[in-house]
Amino acid sequence: MTDRLKLSFGPFTAPAKGILVVFCDDGLKFGGATAKTLGSAAGLVVRAAKAEHFTGKNGTSLELIMPEGLKAGRLAVIGVGKVADLKSKDFLKLGGIAMGKLSASATDGAVFAELPGGAMKAEQAADLAQGVRLRAYKFDRYKTKHKDDEKPPASRNVTIAVGDVAAVRKAFASRDVIADGVVIARDLVNEPANVLYPEEFARRTLALKKVGVAVEVLDVKAMTKLGMGALLGVGQGSARDSRVVVMRWDGGKKGEAPLAFIGKGVCFDTGGISIKPAASMEDMKGDMAGAACVVGLMHALAARKAKVNAVGLIGLVENMPGGNAQRPGDIVKSMSGQTIEIINTDAEGRLVLADVLWYAAKRFKPKFMVDLATLTGAIIVALGQEYAGMFSNDNELSHRLHQVGEATGELVWRMPLNPVYDKMLDSKFADMKHTGGTRWGGAITAAQFIQRFVADKTPWVHLDIAGTAFDSRQTDINKSWGSGWGVRLLDKLVADYYEK
Ligand code: BES
Ligand code: MN
Ligand code: ZN
């Protein structure tokens with residue numbers, strides 16, 4: 001983990017050095033402890049606010065250097081707007097903004113988790129702290145040189161001042177390990193493909209054993225025996241062997257059907273023989289973001305001892321144009337028995353999912369399956385980088401995901417599935433083709449294809465995360481290329497609806 005943050009909680013006391021971060025509302029009002037700490041500096045804030053046209057609107061901030069009356073070298077005042085409007089994701093964002101001030105000043109600091117009405121509630125302060133952690137993340141393990149010869153500090157001490165320290169620590173415990181899960185996912189996505197190939201990815205999942213997850217790795221021999229011809233066809237052009245990893249967390253009732261999470265893990269996607277253009281191909285190291293999310297999620301569920309049975313399955317391959325690579329026109333047999341005519345070898349993700357989804361439903365008979373995949377450029381055309389595309393055969397599950405999407409800020413938008421698209425997948429030679437042939441509705445035909453490999457009418461959701469998983473939107477809680485998208489979303493889905 002690369003966030004180099006020493007986070008602690010304590011009472012409201014003025015820091016002796018570094019930066020002090022405080023919050024005010026849109027009336028420039030502070031909480032009592034904050035006002036007391038600021039003392040005469042409060043007057044400076046009023047004058048500076050006037051000069052800077054700072055009104056305390058949510059998300060805005062004001063900074064003072066060497067404020068008289070304070071020992072801290074800097075004071076950052078962050079506006080929260082109207083206190084009554086603040087929701088969980090707003091506290092996350094405020095924590096992110098606070099950490100942004102700390103990073104910029106490159107010192108230790110204290111954040112006063114107080115609003116005009118008094119100390120933030122334990123849950124609110126814990127959300128704030130999670131935002132601090134998510135913002136602090138940095139992937140710099142391959143940087144050996146630093147700008148201006150300035151080495152970043154080995155670690156930074158951040159104290160979050162709160163009302164009830166014990167209550168906040170308790171509320172933060174689960175949010176802390178969920179943040180760990182996001183960090184795990186981000187690290188995997190940011191890692192280059194020469195380092196993170198299928199076997200190495202599988203090896204890294206073994207770390208989950210420490211939190212009580214059972215990990216099982218299927219090699220090429222095992223997959224051949226299972227008949228996973230669709231997945232194996234994708235990987236056959238690479239010098240690196242394919243793998244499937246099965247992760248299990250049994251925190252629920254014994255024998256109860258698990259929830260299943262499935263991830264596309266294309267460690268690098270050149271497109272294969274249908275090779276991609278050179279521009280931005282380097283981004284395709286992130287084509288395993290679905291798998292990364294599943295690993296991060298399994299960590300979060302196990303580390304917070306979620307009262308649920310869950311399985312995570314990831315299909316790990318490298319899509320390369322080697323001498324043994326699969327060709328357009330090849331016909332492969334999937335584990336389901338259905339045959340597939342390969343049209344464009346760059347539509348590899350759906351082939352990987354076809355076998356892993358089939359296997360997941362048959363082996364585990366799960367309550368539902370959610371798959372995550374950086375599957376199509378078409379979903380980025382449709383939804384941009386804000387929403388992930390959601391396809392489902394189940395209205396209740398879709399509705400629940402929509403709800404937790406709104407709450408976490410990891411947004412999902414439902415897209416259609418309909419047999420009217422099926423004719424686009426008709427093949428002259430096999431049971432089906434795997435692409436629609438035109439670019440029209442490309443994300444839908446992909447989902448329509450995957451649905452054919454959902455066995456036994458298992459409730460299922462497919463999330464096309466091509467727009468949200470990497471090269472991601474920079475927000476107050478994410479300055480990383482790989483966003484770790486989906487870990488918080490799916491953790492909340494489990495917590496809100498399946499741990500009763
Ligand atoms: N991994 C890509 C999709 C992708 C593209 C993700 C850009 C993120 C950013 C996927 O394997 C792919 O190549 N899809 C093709 C499908 C087409 C050949 C039917 C696409 O979207 O162009
Ligand atoms: Mn591709
Ligand atoms: Zn791909």
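What covers the buried residues of helix H12? Keep that in mind while we get acquainted with the helix itself, remembering that we're looking at a predicted model.

H12 runs over residues 395–408, which makes it 14 residues long. From first C-alpha to last it reaches 20 Å, close to the 20 Å you'd expect at 1.5 Å a residue. Seven names matter for the packing: Leu-397, Ser-398, Arg-400, Leu-401, Val-404, Gly-405 and Thr-408 are buried. They sit on the same side of H12, because the arc they cover around the axis is only 160°. And here's the reply to the opening question: the cover includes helices H3 (88–105) and H14 (487–497), along with strands S15 (368–373), S16 (387–392), S17 (411–414) and S19 (460–464).

The ends of H12 are worth a look too. At the N-terminal end, Asp-394 acts as a cap, with a side-chain oxygen 3.2 Å from the backbone nitrogen of Glu-396. Just past the other end, Gly-409 adopts a positive phi of about 85°.

Now over to the metals. The zinc ion (ligand 3) takes its protein donors from Lys-264 (NZ), Asp-269 (OD), Asp-287 (OD) and Glu-348 (OE), at 2.0 to 2.4 Å. Around the zinc ion (ligand 3) there are six donor atoms, and the angles they subtend run from 78 to 174°, so the arrangement is octahedral. For comparison, the ideal angles for six octahedral donors are 90 or 180 degrees. If you like patterns, the donor residues of the zinc ion (ligand 3) are spaced K-x4-D-x17-D-x60-E along the sequence. Lys-264 belongs to strand S11 (residues 259–269), while Asp-287 is in the loop between S11 and helix H9 (289–303), so this pair ties together parts 23 residues apart in sequence. Lys-264 and Asp-287 are both buried. The zinc ion (ligand 3) also has a metal partner: the manganese ion (ligand 2) lies 3.2 Å from it, and Asp-269 coordinates both.

One last stop is Ser-427, in the loop between S17 and strand S18 (432–433). Buried or exposed: which is Ser-427? Its relative accessibility is 18%, and the cut-off for buried is under 20%, so Ser-427 counts as buried. The Ser-427 side chain reaches the backbone nitrogen of Ala-430 at 3.0 Å. Leaving out residues up to four places away in sequence, Ser-427 touches Glu-341, Met-432 and Lys-433.

Methods
Residues are numbered from 1 along each chain as its sequence is written. Chains are lettered from A and ligands numbered from 1 in the order in which they are written. This is a predicted model: local features need pLDDT of at least 70, side-chain atom pairs count only at pLDDT 80 or more; totals for chains, interfaces and linings use all residues. Side-chain values use heavy atoms; hydrogens and water are left out. Donors are N, O and S atoms within 2.8 Å of the metal (3.2 Å for Na, K and Ca); water is not among the atoms, so sites may look incomplete. Four donors count as tetrahedral if all angles lie between 85 and 135 degrees; four count as square planar and six as octahedral if opposite donors are over 155 degrees apart and all others between 65 and 115; anything else is irregular. Helices (H or I, at least four residues) and strands (E, at least two) are DSSP runs, numbered from the N terminus. Buried means under 20% relative accessible area, exposed over 50%, partly exposed in between (1.4 Å probe, protein chains only). The expected span of a helix is 1.5 Å times one less than its number of residues. The arc is that of the directions from the helix axis to the C-beta atoms. Contact means heavy atoms within 4.5 Å. A polar contact is a pair of N or O atoms within 3.5 Å; within protein, one must be able to donate a hydrogen and the other to accept it, and residues adjacent in sequence count only if both atoms are side-chain atoms.
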